[in-house]
Amino acid sequence: QVQLVESGGGLVQPGGSLRLSCAASGSIGSIYTTGWYRQAPGKQRELVATITSGGITNYSDSVKGRFTISRNSARNLAYLQMNSLKPEDTAVYYCYAGLVGRAAPVWGQGTQVTVSS
């Protein structure tokens with residue numbers, strides 16, 4: 001059984017920073033991709049950032065240059081460092097992990113990020 005738990009969300013002022021963490025537990029095996037999506041009320045869930053097992057990263061245009069995705073495979077952790085936050089970054093952020101041998105990714109429960117003055 002695999003579980004992902006996000007943490008680090010909260011309320012932050014525009015221009016501020018947050019770091020989200022995603023902790024994986026259970027019989028994880030090998031992760032070929034991991035990343036973050038976000039969803040604001042009334043909007044579709046959108047990709048924020050991904051990182052492959054080889055360390056290749058991908059970012060949405062809206063966060064590129066401000067957010068950094070990283071991982072610590074040995075500790076089964078993934079991170080999203082968010083800098084220069086904007087009100088439009090407000091959303092529930094979800095981490096996911098694509099696991100080798102599993103047809104569907106594993107998702108966390110989400111953590112709320114609110115950027116407001």
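Let me start with Arg66, which in this predicted model has a relative accessibility of 10% and therefore counts as buried, the cut-off being under 20%. As for where this arginine sits, Arg66 belongs to the loop between β6, residues 57-59, and β7, residues 67-72.

Which side chain, then, does Arg66 meet in a polar contact? The partner is Asp89, and the contact between the two side chains comes to 2.8 Å. Asp89 also appears in the wider list of contacts, where, once neighbours within four places in sequence are set aside, Arg66 touches Gln81, Met82, Asn83, Ser84, Leu85 and Lys86 as well as Asp89.

The second residue I would like to discuss is Glu6, which is part of strand β1, a strand that covers residues 2-7. Glu6 is buried too, but this glutamate has no salt bridge, and the nearest side chain of opposite charge, that of Arg45, is 7.7 Å away. What lies around the side chain of Glu6 instead are backbone nitrogens: that of Cys95 is 2.8 Å from one of its polar atoms, and the backbone nitrogen of Gly110 is likewise 2.8 Å from a polar atom of the Glu6 side chain.

If we again leave out neighbours within four places in sequence, the contacts of Glu6 include Ser21, Cys22 and Trp36, and they also include Tyr93, Tyr94 and Cys95. Further along the sequence, Glu6 is in contact with Gly108, Gln109, Gly110 and Thr111.

Let me now step back to the chain that holds these two sites. Its secondary structure consists of 11 strands and zero helices, so that, read from the N terminus, the order of elements is simply β-β-β-β-β-β-β-β-β-β-β. Among contacts with a separation of 6 or more, 54% join residues that are 24 or more positions apart.

How does the radius of gyration of the chain stand against that of a compact globule? For 117 residues such a globule would have a value near 13 Å, and the chain has 14 Å, which agrees. Along the principal axes, the C-alpha atoms fill a box of roughly 45 × 25 × 25 Å.

Finally, a word on burial and surface, since both residues I chose are buried, Glu6 as well as Arg66. Across the chain, 41% of the 117 residues are buried, while the exposed area is about 6100 Å², of which carbon and sulfur atoms supply 48%.

Conventions: Residues numbered from 1 in each chain as written. Predicted model: local features only at pLDDT ≥ 70, side-chain atom pairs only at ≥ 80, totals over all residues. Heavy atoms only, no water. Helix = DSSP H or I, 4+ residues; strand = E, 2+ residues; numbered from the N terminus. Buried < 20%, exposed > 50% of the residue type's maximum accessible area, 1.4 Å probe, protein only. Lys, Arg positive; Asp, Glu negative; His and termini not counted. Salt bridge = Lys/Arg side-chain N within 4 Å of Asp/Glu carboxyl O. Polar contact = N/O pair within 3.5 Å; in protein donor to acceptor, adjacent residues only side chain to side chain. Contact = heavy atoms within 4.5 Å. Rg over C-alpha atoms; globule rule 2.2 N^0.38 Å. Areas by Shrake-Rupley, 256 points an atom, 1.4 Å probe, with all protein chains shown as cover.
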